[in-house]
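Visitor: I'd like to learn how to read a few features of a fold. Could you walk me through one?

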Amino acid sequence: MGPCSRILFHGKNMGCFNFISSAKFDHVVSKISSNLGKNRNFSRYPDGVLGFSQIKNSKIGPNCVQESRILVDLISRGLGSFRCNSTSVETRVNENSFERIYVQGGLNVKPLVDVIDKDENVVGRDEEDRVGFEVEEKNDDGVSVNFDEGEVVVSSGRVESEAEKEAWKLLREAVVSYCGSPVGTLAANDPGEKLPLNYDQVFIRDFVPSALAFLLKGEGEIVRNFLLHTLQLQSWEKTVDCYSPGQGLMPASFKVRTVPLDENKYEEVLDPDFGESAIGRVAPVDSGLWWIILLRAYGKITGDYALQERVDVQTGIKLILNLCLSDGFDMFPSLLVTDGSCMIDRRMGIHGHPLEIQSLFYSALRCSREMLTLDDGSKNLVRAINNRLSALSFHIREYYWVDIKKINEIYRYKTEEYSTTATNKFNIYPEQIPNWLMDWIPEEGGYLIGNLQPAHMDFRFFTLGNLWSIVSSLGTPKQNNSILNMIDAKWDDLVGNMPMKICYPALEFEEWRIITGSDPKNTPWSYHNGGSWPTLLWQFTLACIKMGRTELAWKAVDLAEKKLPADHWPEYYDTRNGKFIGKQSRLYQTWTIAGFLTSKMLLENPERASLLFWDEDYDLLDICVCGLSNSGRKRCSRFAARSQILV
């Protein structure tokens with residue numbers, strides 16, 4: 001076999017193509033497809049990954065392929081007449097006024113045809129983030145396609161396991177389309193389920209692992225559509241009783257409905273839920289935070305930074321931030337929320353300042369600071385973000401952290417202290433330290449507690465909040481390592497037979513009756529009350545990669561891969577060790593499937609994980625302002641906040 005060219009998928013961006021002949025390119029594509037299909041060792045990717053279907057089916061103009069989703073560099077002696085130019089095209093949306101772009105919600109939400117389709121061919125700002133195909137000459141055996149004088153060989157890399165193949169099949173079957181375009185994935189897609197409740201909707205929170213799986217696979221269209229359509233639903237006229245949600249609130253979920261117009265005519269509409277239909281009627285605080293986090297991830301992975309620069313998207317970010325940063329009666333930098341406003345969306349005693357919301361809030365603030373376009377209108381907002389970030393990081397690191405040393409300090413607290421120099425600032429009574437914690441906390445390791453309020457510390461370990469504190473660098477580097485050390489030391493309790501416990505320990509007996517209201521679904525060691533949720537696997541994987549502890553992630557992924565396909569991908573597992581499928585667990589739960597796939601892809605390509613987490617921001621410590629002295633507020637960066645890096 002003569003010299004050949006190997007096509008390697010390596011990038012993340014979009015672009016245009018220049019052709020001498022569209023017929024010749026069609027010939028290349030058909031040859032590649034034909035030969036790939038004959039090779040049993042080639043793991044076939046859908047057309048959307050390599051972009052051939054979009055290219056082949058697009059209207060080819062003199063300068064570029066209008067509907068392509070990726071940038072392809074095919075530079076080879078075998079494709080002598082084929083060349084590709086990376087062309088930056090200014091998005092048309094910036095030419096329009098905000099009133100023409102940003103449409104407030106309503107039941108008859110129209111498809112974003114003009115918004116979505118007109119700025120597809122935008123090249124990202126970083127050359128290294130480009131999507132493309134790297135061409136190298138090499139003598140090798142493989143799948144070859146003869147074209148003119150050269151041969152093209154496509155390398156598939158690692159062969160997918162049977163579990164991964166099944167997971168991808170199920171994930172694609174869960175995709176929801178709106179007006180012919182993919183816009184999200186169903187929460188669960190169990191064909192045997194007779195009462196889907198709201199599991200047949202697209203949840204912002206649930207879609208995040210699905211979005212990351214598609215992005216890491218090279219399929220960004222569904223994520224882009226999701227971000228824009230959910231943005232169009234922001235702010236809604238529906239009410240709970242007589243009150244409207246705050247401006248900027250994102251819905252918890254939405255459903256595509258078909259409504260009749262005239263005789264034999266129908267129209268698809270997006271019908272969102274802001275909590276007015278949810279169990280407990282609680283508005284989702286975390287939806288807007290996840291939306292901002294996903295927006296940043298989309299730009300980082302695809303290189304399509306033009307999306308976040310659009311007028312409507314910038315306005316959407318600002319509306320969410322204004323809602324979260326608005327002044328109120330609260331004196332803490334942490335975000336005050338009601339029970340059931342996050343992943344734990346039932347009564348579980350997490351009202352106040354739960355760790356999960358604080359870690360997501362911190363991440364969303366850091367994302368927004370990266371993505372906001374600096375102008376006269378955003379300077380004050382960026383300043384407010386910086387101030388909140390520094391105060392929030394100090395507050396969580398100082399007051400939420402517990403290890404054996406801190407618990408012993410709390411054990412000896414004096415109470416009823418009055419002054420700005422008080423040690424026990426929140427009047428925590430030592431009797432609040434539960435007996436289980438004294439026996440359970442390891443000598444090495446620690447964690448961030450679940451909640452802090454006046455005269456109350458919730459010492460439960462909440463997995464999502466701790467993992468996302470690692471990912472976002474809300475905790476110090478030493479604290480982040482200590483959290484993973486504790487998970488390792490308490491593996492049987494927090495992982496057991498299925499990663500991972502949503503919280504530990506479970507509420508039991510009289511405590512369960514009082515705090516949950518005798519919730520029949522949140523019985524001890526089930527659902528939100530100590531159940532095991534496989535979707536937390538991808539966040540655990542991301543945290544482990546960041547801290548260089550990939551062996552822990554592989555150990556957890558191997559556990560999940562053995563059980564999940566056999567158990568039909570459940571929503572959650574029950575019992576203290578996660579041995580049994582949850583008593584009310586939905587099967588074929590999409591974020592279980594997507595969390596597994598995302599974990600595998602992150603571990604196979606850990607360099608991609610670096611696009612999804614944050615390193616320590618030392619500049620924030622220089623602007624930290626806290627009330628630490630008799631004279632009131634003073635700059636504490638060099639005395640307190642910066643010292644937290646070392647403890």
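Guide: Sure, and keep in mind that this is a predicted model. Let's start with a helix on a sheet: helix H17 (residues 477–489) lies across E10, E11 and E12 and runs at about 105° to E11.

Visitor: Which order do the strands of that open sheet have, and how do they pair?

Guide: The order is E10-E11-E12-E13, an open sheet of 4 strands with antiparallel pairing. Strand E10 (401–403) and strand E13 (503–504) are the edge strands, each pairing on one side only.

Visitor: Which helix packs on the sheet by touching E10 and strand E12 (456–462)?

Guide: That's helix H14 (residues 404–411), and its direction makes about 100° with that of E10.

Visitor: How many bridges hold E10 and strand E11 as a pair?

Guide: E10 and strand E11 (residues 446–453) pair in the antiparallel sense over 3 bridges. For one of the contacts to look up, take aspartate 403: its bridge partner in E11 is glycine 446.

Visitor: And on to E12?

Guide: E11 and E12 pair in the antiparallel sense over 4 bridges, with glutamine 453 opposite histidine 456 in E12. These two strands form a hairpin with 2 residues between them. If you check backbone torsions, look at alanine 455 in the turn, which has a positive phi of about 60°.

Visitor: Is E11 buried or exposed?

Guide: Buried: 8 of the 8 residues of E11 are, so the strand is largely enclosed by the rest of the structure.

Visitor: What about proline 191, buried or exposed?

Guide: Proline 191 counts as exposed because its relative accessibility is 75%, and the cut-off for exposed is over 50%. You'll find proline 191 in the loop between strand E6 (181–185) and strand E7 (202–203). Try a distance there too: the C-alpha atoms of proline 191 and leucine 587 are separated by 9.1 Å, with their positions 396 residues apart along the chain.

Visitor: Now for empty space. How do I read that?

Guide: Rolling a probe the size of a water molecule over the atoms shows where empty space is left. In this model the count comes to 6 cavities of 30 Å³ or more, and the largest cavity holds about 80 Å³ of space.

Visitor: Which elements give two or more residues to the lining of the largest cavity?

Guide: Helix H7 (204–217), helix H9 (286–302) and helix H20 (537–546). H9 gives the most, with 5 residues. Among the lining residues are Val208, Trp290, Arg296 and Trp538.

Visitor: And how do the lining residues divide by type?

Guide: Into 11 nonpolar, no polar and 1 charged.

How values were computed: Residues numbered from 1 in each chain as written. Predicted model: local features only at pLDDT ≥ 70, side-chain atom pairs only at ≥ 80, totals over all residues. Heavy atoms only, no water. 1 Å grid on protein atoms, 1.4 Å probe; cavity = no way out; pocket = protein on both sides within 12 Å on 5 of 7 lines; lining within 4 Å. Points joined across faces, edges and corners; volume = space filled by probe spheres on them. Nonpolar A, V, L, I, M, F, W, Y, C, P; charged D, E, K, R; others polar. Buried < 20%, exposed > 50% of the residue type's maximum accessible area, 1.4 Å probe, protein only. Pairing = 2+ DSSP bridges. Contact = heavy atoms within 4.5 Å. Axes fitted to C-alpha atoms, helices over the stretch in contact; angles between N-to-C directions.
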